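Let's take a friendly walk through a protein model together. Have the sequence and the 3D view ready, and follow along one part at a time.

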Amino acid sequence: MIITHALTKWFNGFAAVDAFSLHVRAGEVVVLLGPNGAGKTTTVRMLSAVLKPTSGRATVVGFDTVHDARAVRQHVGVLTEMPGLYLRMTPLPYLDFFGQLWGLSPRQRAERSELLLRRFDLWEVRNQRLAEYSKGMKQKLAIIRTMLHDPPVLLLDEPTSAMDPHSAKLVRDAIISLRNDRRAIVVCTHNLAEAELLADHIAIIRRGRLVSLGTPIELKAQMLGPPLMEVRLVGSVDGLSPRVADIVDVEAQGKDWLRYRTGEPETVNPRLLRRLAALGRQVVTLGQVPRTLEDVYLRVMEEPS
Amino acid sequence: MRHRLQEWRAHLAMALIVTRRDVRDSLRDWRILAPIIILTLFFPVLMSVTARLAINWLASYGAPIIGTRMIPFLLLIVGFFPISFSLVIALETFVGERERRSLEPLLATPLSDGQLYLGKTLAATVVPLMASYLGITIYVIGLYATIRYFPPGPLLIQIFLLTTVEALVMVSGAVVVSSQTTSVRAANLLASFIIVPMALLVQVQAAIMFWARYNVLWWIVAALLVADLILIRMGVRIFNREELLGREIDQINLRRIGRQFWRFLLQSPGAALQPPMKGSLRAGVVRWYRRDIPALLVRQRLSIGMVLVLMIASLALGWFYAPRYPLPSQILDFGNLSRESFESVGMLGFLPSFSPWSILFFNLRSLVLGSLLAVFSLGVMSFLPIMSTMGIVGFLARQIASAGHNPWIFLAAFILPHGWLELPAVILVTAFALRLGASVIAPPEGLTVSDSLLLALADFIKVFLLVAIPMLIAAAFLEVYLTPQVVLWVFGRG
């Protein structure tokens, strides 16, 4: 659905996006992570054929973003960083205006508008001017505008910013539902928990360059090493480390627990359990120490460029 | 043909979607609506009453002509006041939307840059223009009702046309201003570059109307139409997604400007459109002469051609007008020519003294002034030095011919010995000055307006320093030491 090859954009002598290559398939959510100014928004603007790349190329739904820019914009729904609504309007005429620009018939415009306004809990406030909407409501309407023409590709820049938890969940559910409908979705966000919830793949961008790409699990393994396991026992673990040293390298230990890393937990963990049983030690729990995407992100950002 | 028409209709239909929304939005804003209603409905009535009172009052002092001449002027004012709002609406609709970030969702739709530009331009023009036409109509009806006066048809057409082209100038100027700013505040500051010249123009029109030289108004309509075309061309070129989203803050970055200019100066032509290369830039005089200058001349062949055509046209114009202003015969008597005759040329005051450096300085000054004028007139005034010089040459050639001499021999003796170097230098400088001035109208793909100007300036400087100045130095020496010898040999008696 989205293929970019060495996509590059220069602004005033510096590279906002530098040789960015990415592949997003139908039914996949790719989250772009990166600090402010990393080039996420510029990437989205190039993918939506709003900006032309300085070099490299991108195709969206088979259309080249430079040569078939209009076709690309017809097939893409873009949620911009700011909602950018016309505040003197009410939602129905507002959506009708954008529906016209996307070439929808009056009936399609009316039906889609009603469907989406109901889905995002805005139907009841359809007669209010947009100026009277809260920040979250404005953001929801901007998302509705993005989905109005039912595009196969969605590019969402900070979709849940300024939303209350309930609204944010509504939006996340909508994104998951769209993914299940085989849409290709790119999400830019700073919300790492949300990224972990939504992403099939995560692309971490720094200073315009793609520095890491993979599933959340792959990224964790790549950036934080093999999973860290913790075994908790009944009684003290003093003097236990040398007796299991041929199976695991103990990295840390407490009063009643040991921590070790293993890339092959399916073989190492049963062996360790057998050894502990043989030593007459009773195991309370054995599990992986949780590692967050935040750890991965911070590790990537700390690395020298 | 039919296909093209359908395509054009579809194009217009998309633009009109934007127009309709923007017009509705303007009509919802009481800050725009209230003054327009006042200026459309009440002001014309007030003006027709004022016209009647003024006529009666001036007639009582035996000066009815002043009152009569005032009526068309008030017609102009009644039309102008509502269209002044087109500037406000245009700034609001272009830069206001950009500031509120509501433009970006529009940019992500299938609308083309041209459709967006057309739609918004129409939206900014339609409401004030309709208000203006309505105001003029109410004023004319009021005049007829109060003093039984109906303006002549041609004058009414002139006023309607003037109002229309003035509104377009303001809107298209506002688009240009809007594309260079990111806030309504900055745009309002820059808008004085539009409103002040327009106010001055209205004063000029007022003077023309009191003077009753109504034919001159046609020339003003034509000039404004040209300004419209230039500004619209410029607007279409610079009102695009790249330019709109590439500018985040209105800040002059002198270091960046200097770095960019240096890059354009050192890089070969064409490299400017590529992304900057890492590492140092190297350039040499040999490369400039062998590769860059020929490439630049080839790129500027159109403007060089335009200068040549205008040069010939000026020559012909001078030739054509010469019989109307015949010179005294003693001036054309070459029998008494001597070396001293050339040296006394400097005493005329407006010409330089007859030395190579004075001539060179004079030529350089004219060319630099012409180039500066080019920058401020979007290239139009770059032709001034060469056109006036060639006009004088044509004029003199015809005078010589009238006095019984062969004009070709005159040109060969007086111009050719140094002109073979001087004229090409002047043509080149004029062509590159034209490009310098016009560079902001249509920046090349991938360059901003300021980068386009910097690139044109870098190219201008290369040609000016490396080609024009050496040629002008050589020409100045030839003019002082060779041309008089040739003239005396051809026309002199000893």
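Chain B is split into domain 1, residues 2–246, and domain 2, residues 265–271 plus 282–491; such bounds come from an automatic or database domain assignment. Taken over C-alpha atoms, the centres of domain 1 and domain 2 of chain B are 40 Å apart. Where the domains touch, domain 1 of chain B contributes eight residues and domain 2 of chain B seven. Here two residues are in contact if their C-beta atoms, placed from the backbone, lie within 7 Å.

On the domain 1 side of chain B, α9 (215–238) and α10 (241–246) of chain B each supply at least two residues. α9(B) gives the most to that side, with five residues. Helices (H or I, at least four residues) and strands (E, at least two) are DSSP runs, numbered from the N terminus. By class, the domain 1 side has three nonpolar, two polar and three charged residues. In this scheme Ala, Val, Leu, Ile, Met, Phe, Trp, Tyr, Cys and Pro count as nonpolar, Asp, Glu, Lys and Arg as charged, and the others, Gly among them, as polar.

A word on reading the model: it is predicted, so local features need pLDDT of at least 70 and side-chain atom pairs count only at pLDDT 80 or more, while totals for chains, interfaces and linings use all residues. Residues are numbered from 1 along each chain as its sequence is written, and chains are lettered from A and ligands numbered from 1 in the order in which they are written.

Staying with chain B, how does helix α19 (residues 449–481) match its expected span? The expected span is 1.5 Å times one less than the number of residues. For the 33 residues of α19(B) this gives 48 Å, and the end C-alpha atoms lie 45 Å apart, which agrees. α19(B) also has a kink of about 40°, centred on B:F464; the bend at a residue is the angle between axes fitted to the seven residues ending there and the seven starting there.

Now to the sheets of chain A. Strands of a sheet pair through backbone hydrogen bonds, either parallel or antiparallel. Two strands count as paired if DSSP finds at least two bridges between them.

| Sheet order (chain A) | Strands | Pairing |
|---|---|---|
| β12-β13-β11-β14 | four, open sheet | antiparallel |
| β6-β7-β8-β3-β9-β10 | six, open sheet | mixed |

In the four-stranded sheet of chain A, β12 (250–253) and β14 (283–288) are the edge strands, each pairing on one side only. Its neighbouring strands are turned by 20° against each other on average, direction ignored. β12(A) and β13(A) (residues 257–261) are joined by three bridges, and A:V250 stands opposite A:Y260. Helix α9 (residues 265–278) of chain A lies across β11 (228–233) and β14 of chain A, at about 165° to β14(A). Axes are lines fitted to C-alpha atoms, for helices over the stretch in contact, and angles run from 0 to 180 degrees between N-to-C directions.

In the six-stranded sheet of chain A, the edge strands are β6 (76–79) and β10 (209–214). Strands β3 (residues 28–33) and β9 (residues 201–206) of chain A run parallel, joined by four bridges.

Finally, the two chains meet: 27 residues of chain A are in contact with 24 residues of chain B. α3(A) provides the largest share of the chain A side, four residues.
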